[in-house]
Amino acid sequence: MDEKNRFSNLLRQLMTLVNLKNYTLARALQYDVSYISKWVSGRMIPSEKTAQEVLHGISACVVDSAAPEPLARLMQDYRVEDPELLKLAIYDNLKAEYEYVRDAKANTTTSTSTRIQYYPQLSISQFVQKMHHPVLRRVKSLEVTGMMDLLSMNDKDRQAIISLDCGENGDSRTYPGVHFSMVINLTNAMEHCMDSTMFLIKLLIREVNVEFELYNSQQALGRVIFAVQNEFAISGMLTGGDQCISVAVGEDPENSRLLYQTVQSYCNAESQVFKRTTMRDLVDKYGYLYSILSGNQRWILGHITEALLPEDLLRELIPSYMKLTAGRGLTESEILSIHSLSSAMLKETHVRLLTFDATFSDLVTDGVIDFYGEQIRLDITQRIRCFEQLIELFKSEQLEIRLVRERTFKASRSARGASVHISDALTYLRISNPDGYSRLEMVKNSDILRMFDQFYEEIWNYRRETSARDQDDLFSLLRHDLQSVHLMQRVEKSDSIRSPRESVLSRVEK
């Protein structure tokens, strides 16, 4: 591909795909056709003053001009199912390429970017800015790898690194063609166990939409490398925790391929930190049933799971689960057997359960629970039955519960979207994000197992002196939340009587 002007390359590709002529686009934008010709040829890019309006106009014209077949291809490439979302996705792609060319032109007095640029020193924030390469918008297929000493960075810098996405609409889409392998160094992770564990949980939640794998190697110590195979690479050495030295940035295919392959050589089964799995495999391969019976049961409840449901409600939700899993999940008889075993365990075995006030407020407002690794939304009546069951279940003397409130323990916000199940036999996480995507991650690394053990104990003992009051707080919170759901039920009924339009309740859930 001609790399002299990435923006013109993308514009030309889009126009060719939908058979959009220069004069048609010029008429839609109310520009002279000579400007369109210069943009397509790479001799000029839109002025910065009008760029936003022009790029929105181009994306709208491309989508509106597309016949059914190229429109379907565009939707597939950009991972959207709605023409309006497609316009936003194409705009985001055009914007990224435009800004890249604009900045390259400002730095080199030409729109032609050099293959590799060198910087003696950059701050982490500057390094992250240069990681934002337009190729990351190519969401149909990407092979990405990184080797980064994330746990040696301050929290602000490492949060900035994992906030890289595939565009302004990234969180609402899933990217099965994007493969991202990250190598980190866990050598000193125990020194800041709480922060490190919270960060890793947030990282898993952040990357739930892509095929993400995390690995451990001491080779990541002091390194910051990010490479897109055959496309782009940036590398440097970490110093002082917030600075990078000897930074190289470029689009040289050979260099990016070499860095990609070098990092990938450290990504193997032995160094894998978490293993992405399914409930089917947990049951068949990894001793899930035995883990229910094993000792030292500790749960972190970031969302309600099927184990806490009454059996009649569980049975109601099985058809929804079967539809979601399309034959790839558990059978109905397995679900009932596992739930029976879990219910007996909760009544007869000592279990320590950490939970958050937000876990229950989320159940009130959106009604989403984790049902054997799938997200299912409860209706209002089902939420009421769920809360009634929780109140009864939590009276068990075998359950020792700590309620953590976000206002007193702000780090708990990182755990929202994750439930962690720890036992002597198996430790795994149920990860989900607000857009309905979820996955199961089994802990493989012994260092991570120790981290989660210590992490749990640190939170558990955070308010140990108030544990008696925790029970009173918990039941007061549950009764208040149950009352809130009853109120929502009354509002729903009155709304349905008054107006067929969207109810107040549906707006609350959104």
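How many residues apart in helix α17 are Asp447 and Arg450, and what does that spacing amount to in helical turns? That was my opening puzzle today, with a predicted model on the screen.

**Entry 1: a pair within one helix**

I found Asp447 and Arg450 3 residues apart in helix α17, so they are separated by about one helical turn. I then checked the side chains, and they meet in a salt bridge, at 2.1 Å from N to O. I looked up exposure as well: Asp447 is partly exposed at 24% relative accessible area, and Arg450 is partly exposed at 43%.

I also noted a network here: salt bridges that share partners join Arg298, Arg352, Asp453 and Glu457. That sent me to Arg298 next.

**Entry 2: Arg298 and its partners**

I started with Asp453. Arg298 forms a salt bridge with Asp453, and the closest N and O atoms are 3.0 Å apart. Arg298 lies in strand β9 (residues 297-301) and Asp453 in helix α17 (residues 446-460), so this pair ties together parts that are 155 residues apart in sequence.

Is Arg298 buried or exposed? I read a relative accessible area of 3% for Arg298, so I wrote it down as buried. Asp453 has 30% relative accessibility and counts as partly exposed.

I went on to Glu457. The side chains of Arg298 and Glu457 meet in a salt bridge, with 3.9 Å from N to O. The cut-off for a salt bridge is 4 Å, so this pair is counted. Glu457 is in helix α17 and Arg298 in strand β9, so here the parts tied together are 159 residues apart in sequence. My exposure note for Glu457 says partly exposed, at 26% relative accessible area.

A reminder to myself on the chemistry: side chains of opposite charge can pair when their charged atoms come close. For the whole model, I have a count of 26 salt bridges.

**Entry 3: back to Asp447, by way of Asn216**

Which residues does Asn216 contact, leaving aside its neighbours within four places in sequence? I listed Val183, Ile184, Asn185, Leu186, Ser271, Val273, Asn445 and Asp447. I was pleased to meet Asp447 again, as a contact of Asn216 and as the salt-bridge partner of Arg450.

I placed Asn216 in strand β4, which covers residues 210-216. One of its contacts is Leu186, and I looked at that one more carefully. A polar atom of the Asn216 side chain lies 3.0 Å from the backbone nitrogen of Leu186.

Notes
Residues numbered from 1 in each chain as written. Predicted model: local features only at pLDDT ≥ 70, side-chain atom pairs only at ≥ 80, totals over all residues. Heavy atoms only, no water. Helix = DSSP H or I, 4+ residues; strand = E, 2+ residues; numbered from the N terminus. Buried < 20%, exposed > 50% of the residue type's maximum accessible area, 1.4 Å probe, protein only. Polar contact = N/O pair within 3.5 Å; in protein donor to acceptor, adjacent residues only side chain to side chain. Contact = heavy atoms within 4.5 Å.
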